[in-house]
Amino acid sequence: MNPAETPDPFAPVDLGPARLRNRVVKAATSEGRSPDGLVTDDLVEFHRAYAAGGVGMTTVAYCCVSPQGASAPGQIVMSEAALPGLRRLTEAVHEEGAAISAQLGHAGVVASKKLTGVTPVSPSRFVNPASMAYCREITRAEIVEVIDQFGRAAQVAVDAGFDAVELHFGHLYLPSSFLSPLINRRKDDYGGTIDNRSRLVREIARHVRNVVGSEIAVIAKLNMDDGLPGGIWVDEALRTAQLLDADQSLDAIELTQGSSVFKPMYLFRGDIPVREFTQVVPRPMRAGVRLTAKWTMGAYPYEDLYMLEAARQFVPVMRNTKLILLGGITNRAHLETGIREGFHLMAMGRALLREPDLVNRMIDDPDTKSRCTHNNKCMVTVFGRTHCVLDPVQRYGAASSAESSPQASVRAR
């Protein structure tokens, strides 16, 4: 495809049964706006801003399929109790003309007993190197229950009016950890070969599709590699994607990298916010964080479209499933590159966190440049309320002046 043939990234596009007004997806980013595990006005406004700012679809980050699947305090558990707030959230996004997806996850080895009250589960016995927490091997009966939990959570999403669900099969959360030969050392038919290690994600995807039918789109976020020696790498990830594609349970796969267990900068790339991380840990630990941060977090330079090299390997494998490109997408030229490379949608995270209206600005001016500096200080804000540290409105709230009046807000839209 030459540049003259590149489809408009801001034209309407289909994703399964969902119709999106353009190809831009706000990627899931931890939000910290649900302190009691329920939707708040703050969370509604967080996603309304992306919808008003022009995205085709916004993603509500990490909705737990069960209380035991939580990875951090204050995450929404997909349940009857959450339904009224979730309906209010989807209605607010739809009013702005955008679609909305719920990311469904089970933390597995990323969970902590202090948070959930139970020992975290893993494909095999495992010690999380980041928390030094012991994780016990999950039983076959519990695997069946987890699959059912994903299905029940997906039904809540349908009932709440979501347009899609995103099954979190990445970052070494429970489904992803089954794909990892480093963590999954089982001797049954969920371990061993990559076909066996892919069994859980395939069963989850099939069950969710059976539950939701053609009501909403089903997406999976899938690791291409996790950056850990002996872990997930592209060769086996291609096989997992091929198997998922053959099952035809998914409408799209969003390709990702890295983990929430070790060396998280492999996912984010760029500056390591060492000083900021030292400020959120107990004082006795601060010296250790300063000394070991580059080793524990990893040091990887940022570059535009940094996942593209690995992601383009997946394009010829797909026959039935669309692909979503993630990583270092900040301007219209990047969106057009993604389309030319064979991707259906493009997901943006930090750039939109910096500027929720970036899509509208790119539509108005194709030469618009993102203001995101990739300082990654937003990573540390997940311990409270996720925001861009360079945006005073997100950080402190609107100023008490004429510019923060309701009339000014309407004009800004």
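**Exercise 1. Describe how the strands of the barrel are ordered and paired.**

Step 1. In this predicted model, eight strands close into a barrel, in the order β3-β4-β5-β9-β10-β11-β12-β13. Helices (H or I, at least four residues) and strands (E, at least two) are DSSP runs, numbered from the N terminus.

Step 2. The pairing in the barrel is parallel; two strands pair if DSSP finds at least two bridges between them. On average, neighbouring strands of this sheet are turned by 30 degrees against each other, direction ignored. Axes are lines fitted to C-alpha atoms, for helices over the stretch in contact, and angles run from 0 to 180 degrees between N-to-C directions.

Step 3. Take one pair: strand β11 (residues 252-257) runs parallel to strand β12 (residues 322-326), and three bridges join them. I253 has L323 as its bridge partner in β12.

A note on the source: residues are numbered from 1 along each chain as its sequence is written, and side-chain values use heavy atoms, with hydrogens and water left out. The model is predicted, so local features need pLDDT of at least 70 and side-chain atom pairs count only at pLDDT 80 or more, while totals for chains, interfaces and linings use all residues.

**Exercise 2. Find the strands that helix α13 lies across.**

Step 1. Helix α13 covers residues 332-341.

Step 2. The helix lies across β3 (24-26), β12 and β13 (345-348), where contact means heavy atoms within 4.5 Å.

Step 3. Helix α13 runs at about 140 degrees to β13.

**Exercise 3. Place H171 and L305, and state whether each is buried or exposed.**

Step 1. H171 sits in the loop between β9 (164-169) and α5 (174-179). Its phi is near 60 degrees, a positive value in a residue other than glycine.

Step 2. H171 has a relative accessible area of 6%, so it is buried. Buried means under 20% relative accessible area, exposed over 50%, partly exposed in between (1.4 Å probe, protein chains only).

Step 3. L305 belongs to the loop between α11 (286-297) and α12 (308-311), and its phi, near 55 degrees, is positive in a residue other than glycine. With a relative accessible area of 15%, L305 is buried.

**Exercise 4. Work out which parts of the chain the salt bridge of D42 and R385 ties together.**

Step 1. The structure holds 26 salt bridges. A salt bridge is a side-chain nitrogen of Lys or Arg within 4 Å of a carboxyl oxygen of Asp or Glu.

Step 2. The side chains of D42 and R385 form one of them, at 2.6 Å from N to O. Because D42 lies in helix α1 (residues 41-52) and R385 in the loop between α15 (358-364) and α16 (392-396), the pair ties together parts 343 residues apart in sequence.

Step 3. Both ends are partly exposed: D42 has a relative accessible area of 28%, and R385 is at 31%.

**Exercise 5. Compare the salt bridges R140-D188 and R152-D148 by their place in the chain.**

Step 1. R140 and D188 meet at 3.3 Å, N to O. This pair links distant parts of the chain, with R140 in helix α4 (residues 140-160) and D188 in the loop between α5 and α6 (194-197), 48 residues apart.

Step 2. R152 and D148 meet at 2.1 Å, N to O. Both lie in helix α4, four residues apart, about one turn of the helix.

Step 3. Salt bridges that share partners join E137, R140, R186, D188 and D189 into one network.
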